[in-house]
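Hi,

Here is the structure I promised to pass on. Have a look at it first, and my notes follow underneath.

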Amino acid sequence: MSSIDSQGSAAQIMAASGKTFFRAARFLPRTVRDDVVQLYAFCRRVDDLADEPSSLPKRRRSDLELISGALRRNDTASLQSIGWPFPTDRRLIAAAALLVEAACDDLDQQQPRDKADLLCYAFGVAGTVGMMMATLLRAQPAGYSAAVALGMAMQLSNIARDVSEDHQNGRVYLPSNLVSAATVHAALQQGRAPDCAVLQTAIFEVLALAEVLYQAAYDGIWSLPWTVRWSILAAAMCYRQIGVQVKRNVERSWQTRTVVSSSRKYVLIAFAAFRLLLPRFWHKPDRTLPTPSLGEVALRHMRQFGVA
């Protein structure tokens, strides 16, 4: 099992696998940026162990369990053995352990039954990353809900974009009460209009759920230190654009991976700065953060950490 042994290698991982995050991270203060890059590399490693088809599932599970055990023991020697780059912060360790647990579960992926089941999955593999980010960014307590919402929203964007790729890997993450695995297969392999219509509706439902979470994240941006707001809002807006483009031409997204162009990202990054400079045109400080949309699993864990 490899480890992240330097800041340089972590940055290379982020530049290669997370172009949106790498671009947005440039606007973070240097000390925070280094931590975020290290966190991304760790999470990328966990995700690769869950998804890498070229490695045997038994070996991947063994590696994930090794990481999980080190996090649970939470001692210096164990954490160093897995390349954990941070001090023994309770929230960081607990959220990382939940992430690895969710990655283990994903090795035996089962199609979510409904939206609640989908939110449970999204919290495990991405809301936990939001919790770790909130800790690194020194967010106010309200910022944790927003960070979890953003992580989950980004995961839902991924699910809407990667329907065809996931199907090729034998996985379906759209809720079964919206579309069955058989219908997904028929739509993608046979292109029958009724099946395509059902699949498209399911994707739109997931994107609508993502939109609620993105709006919660936008409202929570003010719970972050001002020095990091631009970077986080820019990343959120760029990632949300994936869903915008999928919705614009959903059937094309089944044939070709949806990519947000560099020029479009730069426009969104500039617009993020505009939104922060002129908040009265879009921010509603009295709007209630829709934390129930995070799902019961997310809220339960956040209460345990004292941030919900």
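To get your bearings: where is Arg138 found? Arg138 is in the loop between helix 7 and helix 8; helices (H or I, at least four residues) and strands (E, at least two) are DSSP runs, numbered from the N terminus.

Before going on, a word on where the values come from. This is a predicted model, so local features need pLDDT of at least 70 and side-chain atom pairs count only at pLDDT 80 or more, while totals for chains, interfaces and linings use all residues. Residues are numbered from 1 along each chain as its sequence is written, and side-chain values use heavy atoms, with hydrogens and water left out.

Back to Arg138. Although Arg138 is not a glycine, it has a positive phi of about 60°. Its relative accessibility is 64%, so it counts as exposed (over 50% relative accessible area; buried is under 20% and partly exposed is in between, with a 1.4 Å probe and protein chains only).

The overall picture: the chain has 15 helices and zero strands. Of its 308 residues, 53% are buried. Taking the contacts (heavy atoms within 4.5 Å) with a separation of 6 or more, 74% are between residues 24 or more positions apart.

Helix 8 (residues 141-161) is the one I spent time on. Its 21 residues should span 30 Å at 1.5 Å a residue (1.5 Å times one less than the number of residues), and the end C-alpha atoms are 31 Å apart, which agrees. Because 19 of those 21 residues are buried, helix 8 is largely enclosed by the rest of the structure.

Two alanines in helix 8 make a nice pair to click on. Ala149 sits in helix 8 and counts as buried, at 1% relative accessibility. Its C-alpha is 9.5 Å from that of Tyr218, 69 residues away in sequence. Ala142 is also in helix 8, but it is partly exposed, with a relative accessible area of 43%. The C-alpha atoms of Ala142 and Gly220 are separated by 6.9 Å, with the two positions 78 residues apart along the chain.

Now for how helix 8 packs. Helix 8 and helix 12 (residues 226-248) meet at an angle of about 30°, with their axes 9 Å apart; axes are lines fitted to C-alpha atoms, for helices over the stretch in contact, and angles run from 0 to 180 degrees between N-to-C directions. That makes helix 8 roughly parallel to helix 12 (angles under 35 degrees; over 145 is roughly antiparallel, 65 to 115 roughly perpendicular and the rest oblique). On the helix 8 side the contact includes Leu150, Met154 and Arg161, and on the helix 12 side Ile232, Tyr239 and Val246 are among the residues met. By class, this contact has nine nonpolar, two polar and one charged residues (Ala, Val, Leu, Ile, Met, Phe, Trp, Tyr, Cys and Pro count as nonpolar, Asp, Glu, Lys and Arg as charged, and the others, Gly among them, as polar).

The other pair is helix 6 (residues 90-106) and helix 7 (residues 115-136), whose axes come within 8 Å and cross at roughly 160°. That makes helix 6 roughly antiparallel to helix 7. Leu92, Leu99 and Asp106 are among the helix 6 residues in this contact, and helix 7 brings residues including Tyr121, Phe123 and Met132. The contact of helix 6 with helix 7 divides into 13 nonpolar, three polar and two charged residues.

Cheers
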